[in-house]
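Please read this briefing with the sequence and the structure side by side, and look up each part as it is mentioned. The topics are the cores, two helices, one strand and a few single residues.

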Amino acid sequence: MDINQQEFTIAKEGFKDWLDGRAKEEPSRQLFTELNRIMVDPSWTDEQLANALNKISLKDVNQYQQDLVNNNRIRMFAFGNYSEATVKEFAQITQTTMSPGWQQRDRFVAAVNKPAVGEHTNYRGDIAKTDNGLLHAYYSDNTELTTAAQLFLLNSIFQQAFYNQLRTEEQIGYVVGSSIDRIGDYWGFILYAQTTNTELADLSLRFNRFVEEYWPQLQALDEAVLEQLRATVIAQINQAPGNFYEEYPKYLNDFYRGNDKFDTRARLINAIEQTTKADVVTEYQDLILQQNAYRVDVELQGTQSAAE
């Protein structure tokens, strides 16, 4: 199937519009775009992508399509009301469409940068916004789901206190939050904020001070509170999907990672059930306080005034 000039132009303009749109997103979203760029390998800035896009010709795309058809690996994810026989038929039909010279490639697994414990990456960039954005991330080099379970519970405990203090009490940030992240098989803990009234250096100091001040609160956490939060986290993971489009992503991530048992959620829930308060406290102390982690800071400086 050759792509014609009109189709090529529409696709090219669509990708350019998508790149332009990313620069207009709120700082709190752009923080995570930059974090992902740092952690994934290979990765490119939007400027690099735009420059590459400008150089691509219709001939390049048609040649790439032909190369891809001749040299690929077919993996099929079928979810829904399909019988095993139907899915096998899909696979057989797809197989017959391959060219006579078809070469099967090895399964592709997206590469990520293994967290280098003890190292610190700091990215600082300007954005055409009035607000600033700041993100502190702490990545473990442990790929076990026990780390994920500890961070899930830690975030359920930490996030409300972090939000209440910086957003509600001090009104530092318009957006304030914490979350966990998964890059490949590695897990991380993230603090982030979007602010219009605080300089980035001061906000970074406030993040660090809160982390230190929260330590005795975490140690004093009542076991009963932890059990309530544990039940909430498990209920959120187990929440029944409202429709097909909410259900299939629960299995798609395992498909991408080559886990044909599709059991990551079940194993994660089991790990959360087995995690103790001591485990959570130790993880916080080790990963965040002592920073036995790969630390990533993303600082986005707004360059526009409110009047612009």
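What follows is a short account of a predicted model, with the points grouped by topic. A useful place to begin is the largest nonpolar core, which has 42 residues. In soluble globular proteins, nonpolar side chains tend to be buried together.

**The nonpolar cores**

- Within the largest core of 42 residues, the residues with the most contacts inside it are L154, F158 and Y284.
- Several elements give two or more residues to this core, namely the strands β4 (132-139) and β6 (186-195) together with the helices α6 (145-169), α7 (200-219), α8 (223-238), α11 (264-274) and α12 (277-289).
- Helix α6 supplies the largest share of this core, which amounts to 10 residues.
- If residues up to four places away in sequence are left out, F158 touches S178, F189, L191, F210, Y214 and Y284.
- Apart from this core lies another one, made of 15 residues, and L35, M39, I183 and Y192 are among them.

**Helix α8**

- Helix α8 has 16 residues, and from its first C-alpha to its last it reaches 22 Å, which is close to the 22 Å expected at 1.5 Å a residue.
- Which residues of α8 are buried? They are L226, R230, V233, I234 and I237.
- When α8 is seen down its axis, these buried residues fall within an arc of 95°, and therefore they line one face of the helix.
- On the other side of α8, by contrast, Q228 and Q236 are exposed.
- The cover over the buried residues of α8 includes α6, α10 (249-256), α11 and α12.
- At the N-terminal end of α8, D222 acts as a cap, with a side-chain oxygen that lies 2.7 Å from the backbone nitrogen of A224.

**Helix α10**

- The buried residues of α10 are L252, D254 and F255.
- Seen down the axis of α10, these residues fall within an arc of 165°, so they too line one face of their helix.
- The element against which the buried residues of α10 pack is α11.
- After α10 comes G258, a residue whose phi is positive, near 75°.

**Strand β4 and its partners**

- Why can β4 be called largely enclosed by the rest of the structure? The reason is that eight of its eight residues are buried, where buried means under 20% relative accessible area.
- From β4, the residues N132, L134, H136 and Y138 point one way, while G133, L135, A137 and Y139 point the other way, and all of them are buried.
- Strand β4 is joined to β6 by eight bridges, and the two strands run antiparallel.
- Within this pairing, L135 has Y192 in β6 as its bridge partner.
- Strand β4 also pairs with β7 (294-302), again in the antiparallel sense, over seven bridges.
- In the pairing with β7, the residue that stands opposite Y138 is R295.

**Q285 in helix α12**

- Q285 has its place in helix α12, and it counts as partly exposed because its relative accessibility is 31%.
- Although Q285 and E212 are 73 residues apart in sequence, their C-alpha atoms are 9.8 Å apart in space.
- Q285 touches W215 and Q290, when residues up to four places away in sequence are not counted.

**Backbone details in the loops**

- The peptide bond that leads from D41 to P42 is cis, with omega near 0°, and P42 is found in the loop between α2 (27-39) and α3 (46-55).
- Q171 lies in the loop between α6 and β5 (175-183), and its phi is near 50°, a positive value in a residue other than glycine.
- Is Q171 buried or exposed? At 53% relative accessibility, Q171 counts as exposed, since the word exposed is used for values over 50%.
- Q291 lies in the loop between α12 and β7, and it has a positive phi of about 55° although it is not a glycine.
- With a relative accessible area of 33%, Q291 is partly exposed.

Terms used. Residues numbered from 1 in each chain as written. Predicted model: local features only at pLDDT ≥ 70, side-chain atom pairs only at ≥ 80, totals over all residues. Heavy atoms only, no water. Core = buried A, V, L, I, M, F, W, Y, C linked by side-chain atoms within 4.5 Å. Buried < 20%, exposed > 50% of the residue type's maximum accessible area, 1.4 Å probe, protein only. Helix = DSSP H or I, 4+ residues; strand = E, 2+ residues; numbered from the N terminus. Contact = heavy atoms within 4.5 Å. Expected span 1.5 Å × (residues − 1). Arc of directions from axis to C-beta. Polar contact = N/O pair within 3.5 Å; in protein donor to acceptor, adjacent residues only side chain to side chain. Pairing = 2+ DSSP bridges.
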